[in-house]
Amino acid sequence: MKRLLSALAAAGILLTGTPAVATPADGGRIPVRPAPATQVWATRPVSSQPGNTAQQLLRLDIEELSPRVVTAGAESVTVTGKIVNVGDRDIYDIELRLERGKALTDEEDVRQALREPTGAEDVQPWFTRVADDLRMGQSKPFSLTVPLNGPGTTSLRIDQPGVYPVLANINGRPDYGDRARLAALSTLLPVLAAPGGAVTGTPANPARITLLWPLADRPRMVSGGLEPVLADDELAGSLALGGRLYGLLKAYESALDGPLGPAVCLAVDPDLLRTVQAMSKGYQVRGQGAGKGRNEAALWLAQLRLLAGGRCVMALPDAGADLVALSRARLTDLSALAGKGGDVVREVLEVQALPGLAWPEDGVVDQQTLADLGAQGVKSLVLDQSSVAGTPGAGPVRLDAGQGKAVTAVRIDGMVSDALRGAAVARPVAGITTPTETRPVSVQNALAALAYRVAFQGNGQNVVLSPPRRWNAPTGEVNTFLQVTKSLVQAGFATPVGLQPLVEGPVPEQAAALSYPVESGAQEVPPAVTADVAGSWVELQELLGAMSQPDAASTQPGNLVAPLRLSLLRSVSGAWRGNEEGARIALDTAREQIAAVRGQVTVTEPNSAILLASGDSPIPVTIRNRLDVRITVRVVVEDTPGILAQQLQDQVLPARGDRQVTVPVEVLRSGRFPVYIRLTTPDGVELGERARLEVSSSAYGTITLVITVLAGALLVLLSARRIYRRARASRDAAAAVPNDASGVTPEKSSTS
């Protein structure tokens with residue numbers, strides 16, 4: 001391994017030289033709990049170790065450890081690297097030693113050592129000085145060697161094969177302080193042959209080894225078509241020489257060459273294939289212009305197609321969909337879409353993926369997800385051992401998917417795969433963390449776990465190996481893992497078995513019950529996100545229901561919405577487990593695309609006001625469809641004071657065509673006022689933006705006319721009543737004059 005494995009504290013290894021003068025056996029060290037045994041000679045700061053708050057003073061960078069597995073002919077272990085003073089003071093009398101514990105004798109001991117440091121003080125050689133002093137910011141290289149076996153305190157005294165816990169211990173004297181342990185690191189060293197001692201013989205019944213090799217990434221496609229758009233251009237670097245996916249592809253090529261070849265099965269994310277294929281034809285990066293990885297994508301894809309031909313290939317859930325989260329949200333249609341990635345594999349790689357096989361995120365499912373997958377035709381699953389906890393053995397088991405359906409579950413070896421993933425405290429959430437230096441490497445412990453499985457158990461069990469789905473280990477570590485695995489097969493400790501016989505054989509007799517880990521549930525894509533996805537999915541399905549195909553030569557509505565479905569699927573990718581923000585960003589992208597399709601069907605706003613000559617004059621409306629399919633729309637007139645609109649019959653708009661319709665209304669007012677009109681599908685999905693129409697009316701509506709007539713009639717009646725009363729008053733006055741007073745002018749009243 002030719003890259004620096006940066007450590008955030010020091011871990012001492014072994015060194016040839018003169019023992020430190022007058023150094024006590026215990027070195028006067030302060031108690032420091034070693035870092036977890038899930039890294040390859042890389043430490044974290046002393047201050048971050050449980051129960052310790054000391055300041056970080058020293059860092060140890062390891063460039064090479066040899067051998068990784070001790071076999072016949074090995075007499076010593078050599079480590080090269082450098083020490084760096086990262087503290088605020090000088091350090092003096094820096095010394096290193098490698099300690100070892102007793103060989104781990106059973107599986108539970110190995111598992112415990114992988115989870116947390118185990119005792120490694122059974123053999124403690126003398127400390128060996130690495131540097132007399134190290135000034136602030138200064139670094140010094142070293143090359144350290146320690147014999148595996150020998151007299152006294154000069155070696156590790158390993159004379160029997162086994163898996164040994166070892167502890168790298170670095171001591172020094174900081175300025176203004178006493179001599180102390182500055183860092184400690186625990187790891188496991190597998191020994192198959194001890195110098196001058198026993199040799200582990202090959203078992204009569206070798207382990208049956210299967211290797212799954214995943215190629216996956218987080219979703220990056222924003223939109224496809226003739227000019228695809230990616231969210232960023234990081235994939236270009238990953239596909240190029242020295243990139244993550246480039247290294248994994250070259251490692252896959254190496255795995256196929258040699259005795260391990262028949263055991264290898266490629267597990268590829270269909271969305272990665274779709275994205276790389278789009279890149280190979282030219283693409284854009286959102287907000288950045290043209291992408292830079294066209295040639296790299298074309299070369300990578302051509303090489304993958306060449307290697308995969310005639311080999312075992314399985315399709316991962318499309319876009320790495322979180323099948324359990326989809327099942328909980330009852331998004332079974334999206335789950336079924338995620339299971340159709342085999343079509344993409346066949347189209348892009350020109351190879352048939354194993355049918356009816358699913359490998360869920362983290363290798364875990366619950367019972368409801370199992371039932372949904374069984375209903376979709378899934379007959380086999382690849383699961384982590386934790387998903388069927390409590391079931392003995394390591395071979396395939398039978399799961400009950402309900403309705404009389406049995407599903408075969410192939411179990412990944414949990415001990416080795418957990419070691420490859422690393423410690424939970426250092427393990428990032430799903431997805432990719434860059435740069436690679438920020439992640440601990442855990443291949444050394446995985447090699448120890450694998451050696452224990454095949455060399456020290458030797459019971460003919462199935463050992464299904466799989467690196468993390470989005471593995472980001474340095475290329476040297478990846479190659480080391482494969483080289484050691486091939487050596488174990490070639491030496492007869494294991495025999496290669498393909499995945500296909502495990503999943504396509506008879507249904508296993510051994511039954512198992514699912515056990516969904518609590519920590520996996522906590523990492524799922526959150527229900528708040530899946531609820532929003534469900535709302536957008538219903539909207540998209542209703543939008544599709546309003547579309548139709550004009551003729552056989554035209555675009556099919558399903559083809560128009562297929563990219564939108566994939567965008568929604570990417571928002572529930574397992575890459576977003578524990579990363580709600582990433583899921584939200586992907587969902588926002590999908591919603592923007594759905595809104596863009598809805599925006600293609602609009603009401604055209606006229607340039608001038610619409611004149612209504614009478615109270616029942618209809619309002620003319622022009623509707624525009626810029627989609628390549630026919631669509632049925634409903635014209636909705638929003639409530640407007642003085643306007644009574646009648647519901648117009650649903651309209652079928654031609655593909656890329658316009659249509660003018662008249663909306664029957666009754667005008668109850670005169671003057672100039674706005675009327676708002678919008679479009680929906682028959683199911684109520686909003687289309688485009690609402691339109692504002694200026695309406696000018698000088699006519700009276702029926703009600704207005706009735707009111708006017710009634711008012712006029714009332715006025716006539718009141719006038720007639722007044723005239724009648726005046727006439728009657730005159731008659732009454734005339735009747736009050738006496739008959740003999742005719743011709744005499746009456747005397748005026750004093751009040752007249």
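Let me begin at the end of helix α9, which is followed by Gly-377, a residue with a positive phi near 95 degrees. Please bear in mind that the model is predicted.

The helix itself spans residues 367-375, and its buried positions are Thr-369, Leu-370, Asp-372, Leu-373 and Gly-374. What covers them? The elements over these buried residues include two helices, α6 (323-328) and α7 (332-338), together with the strands β16 (380-384), β17 (397-400) and β18 (406-412).

From β18 I turn to Asp-413, located in the loop that connects this strand to α10 (414-421). Is Asp-413 buried or exposed? Its relative accessibility is 2%, and it therefore counts as buried, the cut-off being under 20%. The Asp-413 side chain forms a polar contact with the side chain of Arg-453, at 2.3 Å. Leaving aside residues up to four places away in sequence, Asp-413 touches Gln-385, Arg-453, Val-463 and Val-464.

My last topic is the second largest pocket, which holds about 1100 Å³ of space. It is lined by 40 residues, and those closest to its centre are Gly-224, Gly-225, Ala-562, Pro-563 and Leu-566. Two or more lining residues come from each of β9 (221-223), α4 (270-279), α7, α8 (341-349), α15 (527-545), α16 (557-570) and α17 (580-598). Helix α7 thus appears again, having been named among the elements covering α9. Which helix gives the most to the lining of this pocket? That is α16, with nine residues. By character, the lining of the second largest pocket comprises 18 nonpolar, 10 polar and 12 charged residues.

Terms used: Residues are numbered from 1 along each chain as its sequence is written. This is a predicted model: local features need pLDDT of at least 70, side-chain atom pairs count only at pLDDT 80 or more; totals for chains, interfaces and linings use all residues. Side-chain values use heavy atoms; hydrogens and water are left out. Buried means under 20% relative accessible area, exposed over 50%, partly exposed in between (1.4 Å probe, protein chains only). Helices (H or I, at least four residues) and strands (E, at least two) are DSSP runs, numbered from the N terminus. Contact means heavy atoms within 4.5 Å. A polar contact is a pair of N or O atoms within 3.5 Å; within protein, one must be able to donate a hydrogen and the other to accept it, and residues adjacent in sequence count only if both atoms are side-chain atoms. On a 1 Å grid over the protein atoms alone, a cavity is a set of points where a 1.4 Å probe fits but cannot get out, and a pocket is an open set with protein on both sides within 12 Å along at least five of seven lines; lining residues have an atom within 4 Å of a point. Grid points are joined across faces, edges and corners, and a volume is the space filled by probe spheres set on the points. Ala, Val, Leu, Ile, Met, Phe, Trp, Tyr, Cys and Pro count as nonpolar, Asp, Glu, Lys and Arg as charged, and the others, Gly among them, as polar.
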